[in-house]
Amino acid sequence: MDGALHQSTNREALAALAWLVEAGIDTLVEDTPYAWLAPPAPEQIPPPNVAEPITPCEADAVVEARNSVVSVDSLSALQAALAEFDGCALATHGTRPLFSGGVAGSALMIVGDMPTAEDVGEDNIFSGRAGLLLDRMLAAIGLDRSTVYLANSVYWTTPGGRTPAAAEIAACLPFLTRQIELAKPRIVLALGGTATAALTRTSSGIARLRGKWQDGVVPVLPSFHPLQLLAQPSLKALAWRDLLTLKARLDNA
């Protein structure tokens, strides 16, 4: 048992080192230690405008979504209900919804913004370069896709990969809320501005909320989406702090 534990610890340490190198942290620049979890002054990133008004027709779609999930008692039934739901405008533009990945029942549920065209093509949430980066992030804290449950706050791609509109987020939210209730994670990691806005019901923005626990169906920790980290590598140091915050909570949950 001790040998297996030692090997597991070594793997986690090597994964953490790989993540630090990927983030560009490969040189000791200070002799004095400091608090990794101290709040930084992050670059401001505009959040989705979840407060923008929606039309009466769009409001009816939200009611329809709520009615679709109210009596659903399993994840498979919820996925079937989502496949039949056409109240979200995104459901009519040609792509199928991506419902989940990973393993339901895991202590950690990761919610991203929305699927990409690459995700739909591979029928896999968090695919491509973003998926590889997420895998490295998870490995750095001793996790992988077999120990987490994956979903998105919006189930369809958007035209041109644009930020989802408030009405589109609102139409998907009843399904996401019920998905969390049925999956029963202890913690949710919200990756990206859209996921954070949906789960926290706020437009404060990911830069302001990241790394700070939020109340929700279960505790929610916002952080940056892997696509955002690929576009802005300087944010990886902040994402690493968020991973440490997440690991501490998981270890004590």
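**Exercise 1.** How many aromatic pairs does the structure hold?

*Solution.* The model is predicted: local features need pLDDT of at least 70, side-chain atom pairs count only at pLDDT 80 or more, and totals for chains, interfaces and linings use all residues. Residues are numbered from 1 along each chain as its sequence is written, and side-chain values use heavy atoms, with hydrogens and water left out. Rings of Phe, Tyr and Trp (its six-membered ring) pair if their centres lie within 6.5 Å; planes under 30 degrees apart are stacked, over 60 edge-to-face, the rest tilted. The structure holds three such pairs.

**Exercise 2.** Classify the pair of Phe99 and Tyr155.

*Solution.* Step 1: the centres are 6.2 Å apart. Step 2: the planes make 15°, and the pair is stacked. Step 3: place the rings. Phe99 is in the loop between α3 (75–84) and β1 (101–102), and Tyr155 in the loop between β3 (148–152) and α6 (166–183). The pair links distant parts of the chain, 56 residues apart.

**Exercise 3.** Is Tyr155 buried or exposed? Extend the answer to its ring partners.

*Solution.* Step 1: buried means under 20% relative accessible area, exposed over 50%, partly exposed in between (1.4 Å probe, protein chains only). Step 2: Tyr155 is buried at 0%. Step 3: the ring centres of Tyr155 and Trp156 are 6.4 Å apart with planes at 80°, so this pair is edge-to-face. Step 4: Trp156 is buried at 2%, and Phe99 is buried at 5%. Step 5: Phe99, Tyr155 and Trp156 form one aromatic cluster.

Key:
Helices (H or I, at least four residues) and strands (E, at least two) are DSSP runs, numbered from the N terminus.
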